[in-house]
Amino acid sequence: MGAKEDEGRHGKGLSIGHDAYEEMAAAFRAREQQLLNGMFFYMEQMKEKFGKLLLGEDMSGGGTGVSSALALSNAITNLAASVFGEQSRLEPMSPERKARWRKEMNWLLSVTDHIVELVPSHQKNKDGSDMEIMVTKQRKDLLMNIPALRTLDRMLIVRTKDIDFTQHVVLFHLGFRWSDEKVDIGEQDCLDAFKDQNEFYYLSKDAPDSERKRKDDKWWLPTVKVPPDGLSEAARRNLQVQKECVTQVLKAAMAINAQLLSEMDIPESYIESLPKNGRASLGDSIYRSITDEFFDPDQFLASMDLSSDHKILDLKNRVEASIVIWKRKMHQKDTKSWGSAVSIEKRELFEERVEIILHLIKHRFPGLPQSSLDISKIEYNKDVGQAVLESYSRILESLAHTVLSRIEDVYQADFLTQSQPESSNAKDERHLASLMDDSEFTNGMTLSDLLTWSSDQNESEEQLDAAAAAGEASRENDPRCWKNRLMQNKILTMSGN
């Protein structure tokens, strides 16, 4: 009987184990199928993306598509527009958007791994002799700038706490130099730093129009709100840290982008559209200001109408066109077309002045749309590597400027909250609190000091009584009387002790 019971229990155990095994196998097969489906979808996405790039965005296949460089530049720009959008709130990106951005940017940047150049190297033969050979290596500008842009990307979008990035990159413009040093950006997480903040919030679309209406021209953006007393000091410090981080990302991205655009050739179509001289491009008024003997670039910009992006961009287009015209004439040394009244030395001076103006415009108004010259260079550029670097740096510059604008929105809301006029009750409470703070002053005084101070104050009180025409009511409301009574009460208390 006991043997049969043991056999039954043993068989039951085997049955339970078999069921568990079947459940595990079914779960494994389901997971495997899920991964296969995800991989299939992943491959289909990749084929579609690169198919459009190979066709040059011409889905008809007729060979009328754009160049590979422009197609890749447009693909990166369109990806950023669909992932980032307006970035209307100061908040982290969703995990889905981050994953899509990482995945598709890796696809597009993988093209640069195959843009190489031949460099000399040494190879040791079996007999011990050295032989100089040529090997392939990623092109120098890509090798230096792709890691830099990836680092700026991580600093701007994701939390990078406790991670050190060691990059070997060179930022050519504005004096930036990155070298083989550890760049600790553990506390410089920009968007993800606002994940758990509860100091400010954004009004929903259901809020009343009187509350949602912004006091600037960006009416489509949500209105930010802060507590009635404003932000806390800790929140202000954190906001300042993130602002400095975003500012550094913006400067670095602008530096790379400006350098790349300056290296691109100016298309002939743009040159053919230019006027004959710089004066015609700038206009008589601007030309006279620039060619004046006493020239101040800050004063010049202050005198210009820069009230809208359209007017700023128009001035930038005029300045860039005049620079191209004057540089071409100086390089060609066509002295006959300059006229006898103006020397080449003066033209060089004028060209330096307009370059200063252009530099100031770019750094005072970083969120401007692209100028006519920049658009023309990007459209006719044939270098795929330059196209990738330019578009990647441009979208990081744009995103950094947007995040910086959202930080400024919070600062503005905090400033408006603090600058609101205080109510009469709040003023009275603050005044009474300041009077009670006199205890810190009296705690360090002796009884004789207090008596002397009180007698002096009594003399001033008698003068006040003689001059009071409104009677006892005015004396009751006078703050000096309140302070005297407070001090007299303290004297009596100390005397009783």
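## Exercises on a predicted model

Helix α2 (residues 68-84) packs against α14 at an angle of about 20 degrees, and their axes lie 8 Å apart. This is a predicted model, in which local features need pLDDT of at least 70, side-chain atom pairs count only at pLDDT 80 or more, and totals for chains, interfaces and linings use all residues. Residues are numbered from 1 along each chain as its sequence is written, and side-chain values use heavy atoms, with hydrogens and water left out.

### Exercise 1: the helix pair

Task: Classify the packing of α2 and α14, then list the residues that meet.

Solution.
- Step 1. Start from the angle of about 20 degrees. Axes are lines fitted to C-alpha atoms, for helices over the stretch in contact, and angles run from 0 to 180 degrees between N-to-C directions. Helices (H or I, at least four residues) and strands (E, at least two) are DSSP runs, numbered from the N terminus.
- Step 2. Apply the classes: under 35 degrees is roughly parallel, over 145 roughly antiparallel, 65 to 115 roughly perpendicular, and the rest oblique. So α2 is roughly parallel to α14.
- Step 3. List the contacts (heavy atoms within 4.5 Å). From α2 come Ser68, Ala69, Leu72, Ser73, Ile76, Thr77, Ala80 and Phe84. Their partners in α14 include Val384, Ala387, Glu390, Arg394 and Leu399.

### Exercise 2: a salt bridge inside α14

Task: Describe the link between Glu390 and Arg394, and state how covered each residue is.

Solution.
- Step 1. Check the link. A salt bridge is a side-chain nitrogen of Lys or Arg within 4 Å of a carboxyl oxygen of Asp or Glu. Glu390 and Arg394 qualify at 2.8 Å, N to O.
- Step 2. Place the pair. Both residues lie in helix α14, four residues apart, about one turn of the helix.
- Step 3. Judge the cover. Buried means under 20% relative accessible area, exposed over 50%, and partly exposed in between (1.4 Å probe, protein chains only). Glu390 has 1%, so this residue is buried. Arg394 has 16%, so Arg394 is buried as well.

### Exercise 3: a link between two loops

Task: Which parts of the chain does the salt bridge of Arg139 and Asp383 tie together?

Solution.
- Step 1. Take the distance. The closest N and O atoms of Arg139 and Asp383 are 2.9 Å apart.
- Step 2. Locate both ends. Arg139 lies in the loop between β2 (130-138) and α4 (140-157), and Asp383 in the loop between α13 (372-380) and α14 (384-418), so the pair ties together parts that are 244 residues apart in sequence.
- Step 3. Compare the cover. Arg139 is buried at 18% relative accessibility. Asp383 is partly exposed at 24%.
- Step 4. Set the pair in context. The protein has 15 salt bridges by this rule.

### Exercise 4: around Val226

Task: Find where Val226 lies, whether it is buried or exposed, and what it touches.

Solution.
- Step 1. Val226 lies in the loop between β6 (224-225) and α6 (233-263).
- Step 2. Its relative accessibility is 10%, so Val226 counts as buried.
- Step 3. Leave out residues up to four places away in sequence. Val226 then touches Glu199, Phe200, Leu231, Val410, Ala413, Asp414 and Thr417.
- Step 4. Look at one partner. Thr417 is 191 residues from Val226 along the chain, yet their C-alpha atoms are separated by 7.6 Å.

### Exercise 5: the whole protein

Task: How many helices and strands are there, and what share of the residues is buried?

Solution.
- Step 1. The protein has 19 helices and six strands.
- Step 2. Of its 497 residues, 36% count as buried.
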